[in-house]
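This report covers helix packing, burial, confidence and backbone geometry in one protein chain. The sequence and structure come first.

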Amino acid sequence: MIGAPLLQIDKLTKQYGQRVGCTDVSFDLRAGEVVAVVGESGSGKSTLLACMSGRLPPTSGGVRFHQRHPLTHVEAWRDIHQDLSEPERRSLLRTDFAVVHQDPRDGLRMTVSAGGNIGERKMAIGARHYNAIRAEALGWLHRVEIDDDRIDDRPTAFSGGMRQRLQIARALATDPKVVFMDEPTGGLDVSVQARLLDLIRRLVGDFGLSVVIVTHDLAVARLLAHRMLVMRRGLVVESGLTDQVLDDPQHEYSQLLVSSILRV
């Protein structure tokens, strides 16, 4: 069920000297909503995602998140770049925000066991009881379809699909409100992609997650997203309900993307 706005993106712009990452991007993300950002490589999708998640400072514009203030406990809109200190942004990425990277090695400690990867995320928010942490880790492994007896194995012993599922378990272990996914199915075999997409869709539904997912694959957007943004050269050239955009694209670039899929 889609709820009230949770994240507000207002004219977000990121420039690297003369090169533009993204320009004047604005939209709201609602509670329980999945928004897909699609476009070809170099369109600005990943730059936008990094700015939205607080990992990259924008050149201008705002990213406002509706959260409870840690001291006053009053819920209010706060700009994650202007109103939060660096420690507060890091804390946000351990609690209400989570990031799932295309390469799971960027989101996992490869020399730490599967259970340890999940446990570290829990310990970062104050969990200390070993047995309770291990029990939660087992629960998350079960949710992402990894056998219990792999809890002490390191990710180096896992397949690419298992690593991605483990990264998702680690990311979701602290019950985040917003999850940012950057090409989570990229580089995986088709059968592995399908299994992972089914898992993501189930977890989104079970936990009522709000998700921004970057992908070049329109089939991924069709399966997961309520709404989508089409980006080209740093600009959002079209946005709307996913089925509406894919079935009746208005911008010529969106039409080109959709027709290229139909020709395959």
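Helix axes are lines fitted to C-alpha atoms over the stretch in contact, and the angle between two axes is taken between their N-to-C directions, from 0 to 180 degrees. The model discussed here is predicted.

## Confidence

The mean pLDDT of the protein is 93, and 96% of the residues score at least 70. Among the elements, strand 3 (residues 34-38) has the highest mean pLDDT, 98, and helix 9 has the lowest, 84.

## Helix 3 against helix 5

Helix 3 covers residues 114-123 and helix 5 covers residues 160-172; their axes lie 8 Å apart at an angle of about 25 degrees. Helix 3 is therefore roughly parallel to helix 5, since angles under 35 degrees count as roughly parallel. The crossing of helix 3 over helix 5 is right-handed.

On the helix 3 side, the contact is formed by A114, N117, I118, E120 and R121, while helix 5 contributes L166, A169, R170 and A171. By type, the residues of this contact comprise five nonpolar, one polar and three charged.

## Burial of helix 3

How many of the ten residues of helix 3 are buried? The count is seven, so helix 3 is largely enclosed by the rest of the structure. The buried residues are A114, G115, N117, I118, G119, R121 and K122. Of the residues in the contact with helix 5, A114, N117, I118 and R121 appear among these buried positions.

Helix 5 is one of the partners against which the buried residues of helix 3 pack. The others are helix 2 (86-94), strand 6 (97-100) and helix 4 (130-143).

## Helix 5 against helix 6

Helix 5 also packs with helix 6 (residues 190-207): the two axes come within 10 Å and cross at roughly 15 degrees. Helix 5 and helix 6 are therefore roughly parallel to each other. Helix 5 passes helix 6 in a crossing that is right-handed.

Which residues make the contact between helix 5 and helix 6? From helix 5 they are G161, Q164, R165, I168 and L172. From helix 6 they are V192, R195, L196, L199, I200 and L203. This set divides into seven nonpolar, two polar and two charged residues.

A general point bears on the spacing of such contacts. An α-helix has 3.6 residues a turn, so residues three or four places apart point the same way. Q164 and I168 of helix 5 both take part in the contact with helix 6, whereas L166 and R170 of helix 5 belong to the contact with helix 3.

## V258 in helix 9

V258 is part of helix 9 (residues 252-263), the element with the lowest mean pLDDT. Is V258 buried or exposed? Its relative accessibility is 15%, so V258 counts as buried, the cut-off being under 20%.

Leaving aside residues up to four places away in sequence, V258 touches L218, V245, L246 and P249. V258 and V38 are 220 residues apart along the chain, and their C-alpha atoms are separated by 11 Å.

## Positive phi values

Most residues other than glycine have a negative phi. K11 departs from this pattern, with a positive phi near 50 degrees. K11 sits in strand 1 (residues 5-16) and, at 53% relative accessibility, counts as exposed.

D24 likewise has a positive phi, near 50 degrees, and is a residue other than glycine. The location of D24 is strand 2 (residues 19-30).

Methods. Residues numbered from 1 in each chain as written. Predicted model: local features only at pLDDT ≥ 70, side-chain atom pairs only at ≥ 80, totals over all residues. Heavy atoms only, no water. Helix = DSSP H or I, 4+ residues; strand = E, 2+ residues; numbered from the N terminus. Parallel < 35°, antiparallel > 145°, perpendicular 65-115°, else oblique. Left-handed = near helix turned anticlockwise from the far one by under 90°. Contact = heavy atoms within 4.5 Å. Nonpolar A, V, L, I, M, F, W, Y, C, P; charged D, E, K, R; others polar. Buried < 20%, exposed > 50% of the residue type's maximum accessible area, 1.4 Å probe, protein only. pLDDT = per-residue confidence, 0-100.
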